[in-house]
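Trainee: Could you take one part of this structure and walk me slowly through its surroundings? I would like to see how each residue leads on to the next.

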Amino acid sequence: MEKEYTKKIFDEQINTRFSVTGSTAAVVELELIESIDKSSSGMRAFSLIFKGPREPVLDDNSYKMEQPQLGTLTLFISPYRQTKDATYYDAQFTKLLEED
């Protein structure tokens, strides 16, 4: 059974680095800077915001990530903002809740 990741698990990793293996096999370091609760009635949802170097920009894709406390995980990330110094990425988590 696959591990279920929750916002709380990632909240404990804010300001830590994730080593991401990019499409060129180069490793890119991303820092988890924020988690945002997007839950609503019937749905548990949250976003993770990562900050990385301006270059290289990772395309929308699933990437293998290594983090000391979480180990190896695969997340789908998308770049959504770029500044002169950094590129920001987000990962979305959504789970429909069962009705009673």
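**A close look around G52**

Mentor: Leaving out residues up to four places away in sequence, G52 touches E29, L30, D85, A86 and T87, where touching, or contact, means that heavy atoms lie within 4.5 Å of each other. Before we go on, please keep in mind that this is a predicted model, in which local features need pLDDT of at least 70 and side-chain atom pairs count only at pLDDT 80 or more, while totals for chains, interfaces and linings use all residues. Residues are numbered from 1 along each chain as its sequence is written, and side-chain values use heavy atoms, with hydrogens and water left out.

G52 itself is found in strand β3; helices (H or I, at least four residues) and strands (E, at least two) are DSSP runs, numbered from the N terminus. Because its relative accessible area is 7%, G52 counts as buried; that word stands for under 20%, exposed for over 50% and partly exposed for what is in between, with a 1.4 Å probe and protein chains only. If you look for R17, you will find that its C-alpha atom is 9.5 Å from that of G52, although the two residues are 35 places apart along the chain.

Among the residues that G52 touches is L30, and this is a good place to step to next. L30 lies in strand β2, which runs over residues 27–37, and it counts as buried because its relative accessibility is 0%. Not counting residues up to four places away in sequence, L30 touches T16, R17, F18, V20, F50, K51, G52, P53, L58, M65, I77 and Y89. The C-alpha atom of S19, 11 residues from L30 along the chain, is 6.4 Å from that of L30.

The contacts of L30 include F18 and F50, and these two bring us to the aromatic rings. A search of the whole structure finds 5 aromatic pairs; rings of Phe, Tyr and Trp (its six-membered ring) pair if their centres lie within 6.5 Å, and planes under 30 degrees apart count as stacked, over 60 as edge-to-face and the rest as tilted. One of these is the pair of F10 and F93, which is tilted because the planes stand at 45 degrees, with 5.4 Å between the ring centres. That pair links distant parts of the chain, since F10 belongs to helix α1 (residues 7–11) and F93 to strand β6 (residues 86–96), 83 residues apart. Both F10 and F93 are buried. F18 and F50 also form an aromatic pair, this one edge-to-face, with 5.3 Å from centre to centre and 85 degrees between the planes. Because F18 lies in strand β1 (residues 17–21) and F50 in strand β3 (residues 43–53), their pair ties together parts that are 32 residues apart in sequence. Like the earlier two phenylalanines, F18 and F50 are both buried. Ring pairs also link Y5, F10, F46 and F93 into a cluster.

From F18 we can move to Q67, whose contacts, leaving aside neighbours within four places in sequence, are Q13, T16, R17 and F18. Q67 is found in strand β4, residues 61–67, and its relative accessibility of 3% is the reason it counts as buried. The side chains of Q67 and Q13 are joined by a polar contact of 2.9 Å; such a contact is a pair of N or O atoms within 3.5 Å, where, within protein, one must be able to donate a hydrogen and the other to accept it, and where residues adjacent in sequence count only if both atoms are side-chain atoms.

Strand β4 also holds Y63, which is buried because its relative accessible area is 5%. The side chain of Y63 reaches the backbone oxygen of D59 at 2.8 Å, and the C-alpha atom of Y63 is 10 Å from that of S78, a residue 15 places away along the chain.

Two loops complete the walk. In the loop between β3 and β4 you will find P56, which is joined to E55 by a cis peptide bond with omega of about -5 degrees. In the loop between α1 and β1 lies N15, which has a positive phi of about 70 degrees although it is not a glycine. With a relative accessibility of 55%, N15 counts as exposed, whereas G52, where we began, is buried.
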